[in-house]
Amino acid sequence: MSGRAPGLEWVRSWEAMENAESRHVASQSLDLEHADLLAKVTLFAGLDRVTLAKLAARLESMSVSSGTELFRVGDPAAAFYLVARGSLGVFVPSDSDPAGRRVNTLLTGNPFGEMALLGDHSRSATIRADTDTEVLRLDRSRFLALMQEEPTVALAIAASLGDRLRARDFPAREADSIAVTQAAAQPRAPARAARRWPLGKASIGWLLAAAIMAGGWSISPPAGLTPQGWHALVTLAALVPLLALDVMPEGILALLLAGVWVLGGVVPPAAALSGFSSESWILVVSVLAVGAAIAASGLLYRLALWTVAHSRGGFFGQVTALSVAGVLMGPAAPNATARVTLVAPAMTELVEALGYASRSRPAAGLAMATLIGFGQMGAAFLTSSTTAVLVFAVLPQGGRIELTWLSWAALAAPANILLLLGLVVSIVWLYRPRSETDPGGPPQQGVVRLQRKLLGRPARNEKISFAVGAGLLLGFITQPFHGIHPAWIAVLALAVMAAMRVITVNTLRVVNWSFALLFGMLASMSGVFSITGLDQWIAGSVSGLVGSLATVPVLFVAVLTLLCFAVSFVLRWQAAAPLVTIALAPVAEAAGIHPFVVGLVALIACNGFFMPYQSTTYLAMYHGSGGKLFTHAQARPAAIAYGVVTLLALCGSVIAWRAMGLL
């Protein structure tokens with residue numbers, strides 16, 4: 001008797017094969033003993049430490065009893081395997097032997113089933129355990145998910161696999177299969193569809209923008225507003241549907257706006273592009289490059305693993321650790337979307353390592369905690385997000401000159417502390433594990449320990465990134481003592497990392513230049529508004545309403561928060577927060593409210609994720625985790641909680657702001 005798992009020969013579908021390959025084995029968690037084995041596998045030789053650690057979390061340890069067939073010739077190939085312990089025989093069909101003819105023996109460290117990574121294949125041999133054996137299994141769907149997150153994986157493994165295939169005497173049918181797979185992997189030219197002109201989002205955006213431009217520029221400006229100011233306002237209004245409907249990259253739209261202003265005679269080029277010569281623009285470009293280098297070094301991934309490994313207090317401790325870690329890492333990597341994009345893939349494996357099922361309540365809760373800490377707390381420090389730097393740049397000069405990195409943190413602390421505490425409590429209450437619905441035992445730390453061992457000791461780039469990041473934050477914090485603008489501290493950090501070859505041309509390629517262009521244009525707006533008199537006209541138009549609200553600061557903050565909620569349904573955070581600040585900060589200042597209050601409220605309240613499309617950080621969390629941790633429906637309670645807690649935290653900060661002299 002072959003020892004074949006019952007019913008395996010009847011497997012015909014991909015899903016059935018995956019179930020069959022796992023039915024007759026016992027799954028286990030990977031541990032430190034597997035680290036040396038993975039590091040020596042030639043197939044993974046081209047992977048860097050961080051990518052290998054990510055791949056390790058996708059492997060599953062399986063025990064196969066002696067005599068058991070793992071799969072048979074002709075079965076659909078669903079996974080790649082690596083022998084961790086024991087031995088297996090490789091058999092091909094034989095007329096003389098019903099059990100098959102042995103053609104090879106697989107020992108510890110031998111990989112097999114590689115063709116499953118290349119495409120849809122049938123198994124070309126039968127694999128049967130000679131002894132009680134342990135294998136590591138990499139499901140093809142998990143490999144493809146990793147390949148999407150880390151495109152270099154495909155190149156590295158393809159190179160190693162190509163060398164191995166050339167070194168082996170594969171039957172012609174295997175070579176043909178590889179050729180077919182490679183051909184299938186090549187991008188195919190899309191079939192030419194019939195010419196149609198559907199009215200898609202882009203078309204609607206352009207039609208709305210054209211209608212606003214044609215209508216606005218053809219009528220006379222309102223009383224008290226110059227033609228240049230009116231044309232600047234109309235052009236800005238036409239930009240809204242283009243941004244809301246994602247017609248094209250934001251940076252290109254920003255340059256288009258500048259072009260219309262210049263060619264339309266609204267302002268001269270020097271004024272339209274003044275933001276690009278500001279220290280704030282230098283700061284955001286420098287911190288984007290430094291942040292990209294820190295992320296690429298693997299330092300943030302190491303810190304995320306360390307956070308989970310040392311979290312205590314069960315689910316509450318895990319939520320708190322992830323949220324606080326995200327807030328503390330923010331100033332060193334100021335692009336909130338990039339931070340979430342980096343951490344989200346790791347969360348899938350970390351949640352599994354902690355013993356929670358996919359899309360369970362606690363899995364969704366930890367995903368929301370990660371989103372809050374790494375994405376939504378972008379106003380805690382001046383450099384916690386590039387949007388915060390942009391809001392700082394568009395504040396009226398009188399309000400901006402008083403702010404430093406340290407004073408920003410102090411003034412923002414009441415709202416951010418209340419916000420973080422409220423969100424942590426809300427997530428714990430909404431997503432706490434329930435034994436009757438959330439199966440799983442105590443956290444399994446084996447995978448986390450394995451990943452940390454594969455990372456090894458901090459590499460040179462990690463050490464430099466840590467030192468420069470710490471120095472950068474120290475320079476920001478001590479600004480009141482040395483008086484150097486944060487922009488030049490960031491430039492110095494950038495230069496040090498470039499001199500040490502941590503920042504290269506490739507690093508600059510991954511910088512979000514579209515946002516940098518948008519930042520420069522929005523930073524120019526305060527000057528454009530001043531030159532055209534638009535700021536004075538807006539102030540006069542809404543001064544009565546703002547003045548009446550300003551007499552009751554709590555009411556003013558509440559109305560402004562609700563306004564920001566509404567704006568965020570039309571414009572994303574990166575554009576909504578600075579535009580609200582540009583429009584209302586001067587008016588609030590005239591009514592006795594410090595412009596910083598308007599900027600901070602806009603930063604926090606415009607960053608909601610009531611609908612998935614509103615937030616790039618939310619989308620990065622969802623897609624970065626492959627949708628495995630939570631559904632949009634599961635995230636909705638957290639989104640509502642964010643809105644409620646935001647309103648309460650901002651209104652609750654009024655007492656502290658009054659004591660600080662902001663109101």
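**Salt bridges and strand pairing in a predicted model**

Buried residues account for 54% of the 663 residues in the protein. The model is a predicted one. Its secondary structure comprises 32 helices and nine strands. The exposed surface of the protein is about 28000 Å². Carbon and sulfur atoms supply 64% of that surface. Contacts were also sorted by separation along the chain. Among those between residues at least 6 apart in sequence, 82% join residues at least 24 apart.

One sheet was examined strand by strand. Four strands make up this open sheet, in the order 3-8-5-6. The pairing is antiparallel. Strand 3 (69-71) and strand 6 stand at the edges. Each has a single partner strand, so one side of each lacks a neighbour in the sheet. Neighbouring strands of the sheet are turned by 30° against each other on average, direction ignored. Strand 3 and strand 8 pair in the antiparallel sense, over two bridges. In this pairing, E69 of the protein stands opposite R128 in strand 8. E69 and R128 also belong, with R72, to a network of salt bridges.

A search of the whole structure returned five salt bridges. Side chains of opposite charge can pair when their charged atoms come close. The side chains of R102 and D130 form one such bridge, at 2.9 Å from N to O. This pair links distant parts of the chain, 28 residues apart. R102 lies in strand 6 (residues 101-106). D130 lies in the loop between strand 8 (126-129) and strand 9. R102 is partly exposed, because its relative accessible area is 38%, between the limits of 20% and 50%. D130 is likewise partly exposed, with a relative accessible area of 29%.

A further salt bridge joins the side chains of E134 and R85, at 3.9 Å from N to O. It too links distant parts of the chain, with E134 in strand 9 and R85 in strand 4 (residues 79-85). The two residues are 49 residues apart. Their surroundings were compared by accessibility. E134 counts as buried, because its relative accessibility is 5%, under the 20% limit. R85 counts as partly exposed, at 41% relative accessibility. The side chains of D139 and R137 also meet in a salt bridge, at 3.6 Å from N to O. Both D139 and R137 are buried.

T133 was considered in more detail. This residue lies in strand 9 (residues 133-139). T133 is buried, with a relative accessible area of 1%. The side chain of T133 reaches two backbone oxygens. That of T131 lies at 2.7 Å. That of S87 lies at 3.1 Å. Residues up to four places away in sequence were set aside when listing what T133 touches. The remaining contacts of T133 include M62, S63 and V64. V83, R85, G86, S87 and L88 are also touched by T133. S87 therefore appears both as a contact of T133 and as the source of a backbone oxygen reached by its side chain, within the 4.5 Å limit for contacts. R85, in turn, is touched by T133 and bridged to E134.

Notes. Residues numbered from 1 in each chain as written. Predicted model: local features only at pLDDT ≥ 70, side-chain atom pairs only at ≥ 80, totals over all residues. Heavy atoms only, no water. Buried < 20%, exposed > 50% of the residue type's maximum accessible area, 1.4 Å probe, protein only. Areas by Shrake-Rupley, 256 points an atom, 1.4 Å probe, with all protein chains shown as cover. Polar contact = N/O pair within 3.5 Å; in protein donor to acceptor, adjacent residues only side chain to side chain. Salt bridge = Lys/Arg side-chain N within 4 Å of Asp/Glu carboxyl O. Pairing = 2+ DSSP bridges. Axes fitted to C-alpha atoms, helices over the stretch in contact; angles between N-to-C directions.
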